[in-house]
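Student: I should be grateful for a close look at a single part of this structure. Please then relate that part to its surroundings in one connected account.

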Amino acid sequence: MSEIRLLINGKQVKGKQGDTVLDVCQANSIDLPTLCHYKGLTEVGACRLCLVEIEKERNLVPACTYPARDGQVVLTSTDKLEKYRRLVLELLFTERNHLCAYCVATGDCDLQSLAYKYQMDNARYQYSWPNQTTDSSHPNIVLDHNRCILCGRCIRTCDEITGAHALDFGKRGWKTNVCADINQPLGESSCVSCGGCFQACPTGAIFSKISAYRGRPSECTSVESTCAICGVGCNINGLVKNNRVVRIDSPDMTKPRGLLCEIGRFEPLYEAADRVTTPLKRNNKGQLVSCSYEEAFEAISRKLGACDGVAGLASGKANSEALIAFADLMDKLGSKMVDTLDGDDCRTVSQGIAKFDSKAGLDMEAKLEDILAAECIVVIGAHPTRTHPVIGSYVMRAASKNKAQLVVIDPLRNPFTFRASVWLKPPEGNKELTIKALGKAILDHLPARAAGDKSKYTAAFKETDVKKASKDLGIDMHDVVKAGEILAGSKNGIIIYGSGILQYKDAELVATILNLAALIGEKPRVISLKRYGNSRGAWDLGLVNAKGSVAADLARGKARGLYLLLADDLADSQALADSVKGVEFAVVQASYRSPITEKADVVLPSLLWTESKGSYTTIDGINKQTAPMVKARAEIKTDADTLKEVARHLKK
Amino acid sequence: MAKVKVATVWLESCAGCHMSFLDVDEFIIDLSKLVEFRRSPITDIKDFTPVDVGIVEGSVGNEEEKEVIEELRHNCKILMALGDCACFGGVCAMRNTLDKEAVLKRAYIDTPSTYKGKIPVSPGVPALLDKVYPANQIVKVDCYVPGCPPEPEAIKYGLTELLAGRIPVVPSNIMRFD
């Protein structure tokens with residue numbers, strides 16, 4: 001892009017063709033007040049605070065929407081401009097009910113800081129005191145219209161960053177308000193609860209219930225970390241006061257992995273369950289009682305070492321350091337039964353990839369950012385809006401902003417189905433035939449030459465009869481044909497699949513999906529949704545048992561001893577407690593008391609991801625680090641240290 | 001040099017601004033050498049005499065307050081609004097989004113702890129204005145020190161400037177609305 005030169009406040013500055021005057025000012029550290037401008041969003045020029053004087057321009061113009069041109073002469077701070085800026089502020093303050101003294105955002109409010117900056121100690125206009133409402137119907141987010149300045153930052157964030165477009169302006173003129181969907185209560189709307197709106201809000205008009213009045217950013221320490229809850233690995237900025245996480249923000253919502261979701265933004269702020277604060281040991285009466293680390297290690301060394309056949313199971317919620325130490329410990333115990341809780345998923349995915357291309361590994365999977373660039377997205381048996389909401393947002397953004405065509409194969413309705421170009425609704429358990437029919441439909445539409453290039457991928461689909469398959473599946477053949485037509489024209493299509501496919505433990509099905517992916521792009525792009533924050537880390541470390549599920553072995557009573565590394569995983573506890581049979585001595589390392597810890601002989605405490613430093617590998621294989629945001633309220637060793645100590649205490 | 005005469009009034013507000021004024025620490029000793037307090041909640045003098053500086057804390061929400069601020073304006077050369085209520089309406093202005101009648105009904109009849117409540121009609125109780133107003137919407141105000149309450153630093157700045165014969169505008173770094 002060609003360079004342009006401007007004269008701003010008498011100083012020669014450089015910019016790029018296509019920049020706005022505001023871009024040039026910001027790039028050259030020229031201070032301009034803004035309210036409706038938010039980095040990464042489209043500019044609307046709503047607040048009129050960034051007004052500048054431009055030579056030969058009849059009026060004052062907003063810098064945020066005015067294109068910078070070569071040779072422009074700009075003034076950003078004249079008496080006239082300052083006068084108008086103060087006037088704008090007074091109008092904003094008198095338009096609605098801005099009463100800082102009891103506002104949640106005071107001390108963290110762009111409008112207030114600008115009023116301070118312009119020494120706005122009174123307003124010359126009549127206050128309107130409109131009777132505005134407050135919508136607190138949402139469990140986490142409050143929308144208080146009294147403090148809204150209608151800058152539209154929340155609306156643009158919801159649409160452009162989250163891709164949900166749940167918020168928009170409703171009504172007209174004086175009565176304009178931010179409203180959810182068709183003016184529904186926020187809690188009943190299509191809001192995905194990502195919290196982007198309140199992070200973008202320059203005032204206290206949208207705020208988080210749980211963070212409200214718990215500390216201003218100026219009173220908090222800010223810790224840069226990574227969210228370890230799911231495998232997306234979003235960058236987070238935790239605000240901490242008095243050893244509590246008060247709020248979780250994104251360091252930059254517009255960057256890759258900058259967008260947060262409901263889970264990442266709110267879950268770490270709540271205490272989920274009873275914590276295990278000290279090691280616990282079963283006494284003579286069969287009760288679990290608190291003991292020292294030494295006693296616990298000693299008991300483990302004595303009993304677990306003596307067990308004939310020890311099984312080791314790790315959750316993908318543990319960090320990589322802990323998983324490495326876990327592998328070493330199991331090695332020292334001579335265990336052949338080591339697996340992760342989602343081992344089945346890993347075996348299905350890996351074997352599927354091997355069937356498709358024996359040389360490829362998990363690395364062949366696409367990066368999450370590829371979703372944003374894709375022309376076509378196929379979502380099969382996955383509900384990313386629920387399990388990995390940021391991936392859901394990526395898909396919705398691609399569909400709404402880039403006009404990506406969306407094909408959904410799922411028996412159940414999910415948030416994608418109403419945006420989908422085609423929604424194929426096969427009966428439960430019949431995805432394979434649907435995929436094959438779709439593959440054949442694509443083949444039918446591929447130009448002959450392209451079909452020739454892709455001949456090695458077509459074998460899986462050639463034999464399928466689209467008409468017959470559609471009839472068998474009870475879906476409209478025209479839908480399949482239409483989907484085929486759309487996908488055949490794609491150069492960089494991507495397929496996202498998840499638990500709806502993996503639950504069948506069918507590697508052949510995964511291979512078929514990969515073949516389908518090969519037909520819709522120059523190279524096959526797929527993303528499998530892995531269950532835990534560090535699933536991919538555990539898979540890459542080779543913790544997954546190649547032969548078969550150890551959890552299934554445990555259910556069949558094949559192991560006498562068990563070491564279970566749960567970390568802060570709560571979800572699997574009940575199922576494990578119900579299924580494990582015939583174990584004489586069980587050690588559980590977990591953060592929370594749960595049904596499985598109540599069955600254990602020794603329980604070791606485990607730090608939460610918010611309390612520890614650790615490495616996590618995202619779904620698409622990127623290594624990310626967490627930083628401790630808070631200190632555990634008890635003396636708890638890190639998972640890796642605990643496991644190393646256990647190994648050290650084992651009898652040789 | 002004759003002492004500067006100051007009158008302060010406390011209208012619809014919590015007295016926090018006067019409290020914050022007393023928070024200026026030893027400055028109050030220097031100040032007492034330079035100024036003389038006439039009518040003020042601090043001196044408990046109730047009648048107005050002409051003064052140089054009038055300071056108003058609180059917003060204007062009823063007939064009596066309106067009368068008081070008008071009389072203060074009449075008797076002072078320079079009027080300073082002290083605190084958010086006087087400058088912007090403040091917490092008292094929360095009632096402005098509702099009708100006067102709804103506010104009275106809520107306060108005197110609907111409150112859960114009230115039994116057989118009645119809205120007072122005695123001429124001894126000043127009637128509410130339709131809305132709560134900041135000082136500058138009733139009378140001319142010359143300078144403002146906002147804050148809820150204002151920082152003692154800001155009050156000190158405002159008074160020092162006035163004593164030096166200048167009209168103060170509180171600098172950004174000590175201005176607070178909360």
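**A helix and its surroundings**

Tutor: In this predicted model, let us begin at the end of helix α4 of chain A, which is followed by A:Gly163, a residue with a positive phi near 80°. Helix α4 of chain A covers residues 153–161, and 8 of its 9 residues are buried, so the helix is largely enclosed by the rest of the structure. Here a residue counts as buried if 20 or more other C-beta atoms lie within 10 Å of its own. Among the buried residues of α4(A) are A:Cys154, A:Ile155, A:Cys158 and A:Ile161. The buried set also includes A:Arg153, A:Arg156 and A:Asp159, as well as A:Thr157. An α-helix has 3.6 residues a turn, so residues three or four places apart point the same way.

What do the buried residues of α4(A) pack against? Their partners in chain A are the strands β8 (167–170), β9 (177–180) and β10, together with helix α5 (196–200).

One of these partners, β10, leads us to a sheet. In chain A, 3 strands form an open, antiparallel sheet in the order β6-β7-β10. The edges are held by β6 (134–135) and β10 (206–208) of chain A; each has a single partner strand, so one side of each is left without a neighbour in the sheet. Strands of a sheet pair through backbone hydrogen bonds, either parallel or antiparallel. In the antiparallel pairing of β6(A) with β7 (residues 141–144) of chain A, 2 bridges join the strands. Within this pairing, A:Asp135 stands opposite A:Leu143 of β7(A).

We may now place these elements in the chain. The division of chain A gives domain 1 (3–77), domain 2 (129–269), domain 3 (280–342 + 534–649) and domain 4 (345–528). Between domain 2 of chain A and domain 4 of chain A, the C-alpha centres are 33 Å apart. Their contact involves 16 residues of domain 2 of chain A and 13 residues of domain 4 of chain A. On the side of domain 2 of chain A that touches domain 4 of chain A, there are 10 nonpolar, 4 polar and 2 charged residues.

Another sheet of chain A may be set beside the antiparallel one. Here 5 strands form an open sheet with parallel pairing, in the order β20-β19-β18-β21-β22. At its edges stand β20 (422–424) and β22 (526–528) of chain A, each with a single partner strand, so one side of each has no neighbour in the sheet. On average, neighbouring strands of this sheet are turned by 15° against each other, direction ignored. The parallel pairing of β19 (residues 405–409) of chain A with β20(A) extends over 3 bridges, and A:Val408 stands opposite A:Trp423 in β20(A). Helix α12 (residues 389–401) of chain A packs on the sheet, touching β18 (376–380), β19 and β21 (494–497) of chain A. The direction of α12 makes about 140° with that of β18(A). Helix α17 (residues 477–488) of chain A also packs on the sheet, where its contacts are with β18, β19 and β20 of chain A; the direction of α17 makes about 130° with that of β20(A).

Finally, we turn to the neighbouring chain. The contact between the chains takes 25 residues from chain B and 19 residues from chain A. Helix α4 (residues 84–88) of chain B gives the most to the side of chain B that touches chain A, with 3 residues. As for confidence, the model scores ipTM 0.95 and pTM 0.92.

Key:
Residues are numbered from 1 along each chain as its sequence is written. Chains are lettered from A and ligands numbered from 1 in the order in which they are written. This is a predicted model: local features need pLDDT of at least 70, side-chain atom pairs count only at pLDDT 80 or more; totals for chains, interfaces and linings use all residues. Two strands pair if DSSP finds at least two bridges between them. Helices (H or I, at least four residues) and strands (E, at least two) are DSSP runs, numbered from the N terminus. Axes are lines fitted to C-alpha atoms, for helices over the stretch in contact, and angles run from 0 to 180 degrees between N-to-C directions. Two residues are in contact if their C-beta atoms, placed from the backbone, lie within 7 Å. Domain bounds come from an automatic or database domain assignment. Ala, Val, Leu, Ile, Met, Phe, Trp, Tyr, Cys and Pro count as nonpolar, Asp, Glu, Lys and Arg as charged, and the others, Gly among them, as polar. A residue is buried if 20 or more other C-beta atoms lie within 10 Å of its own, exposed if 12 or fewer, and partly exposed in between; C-beta atoms are placed from the backbone.
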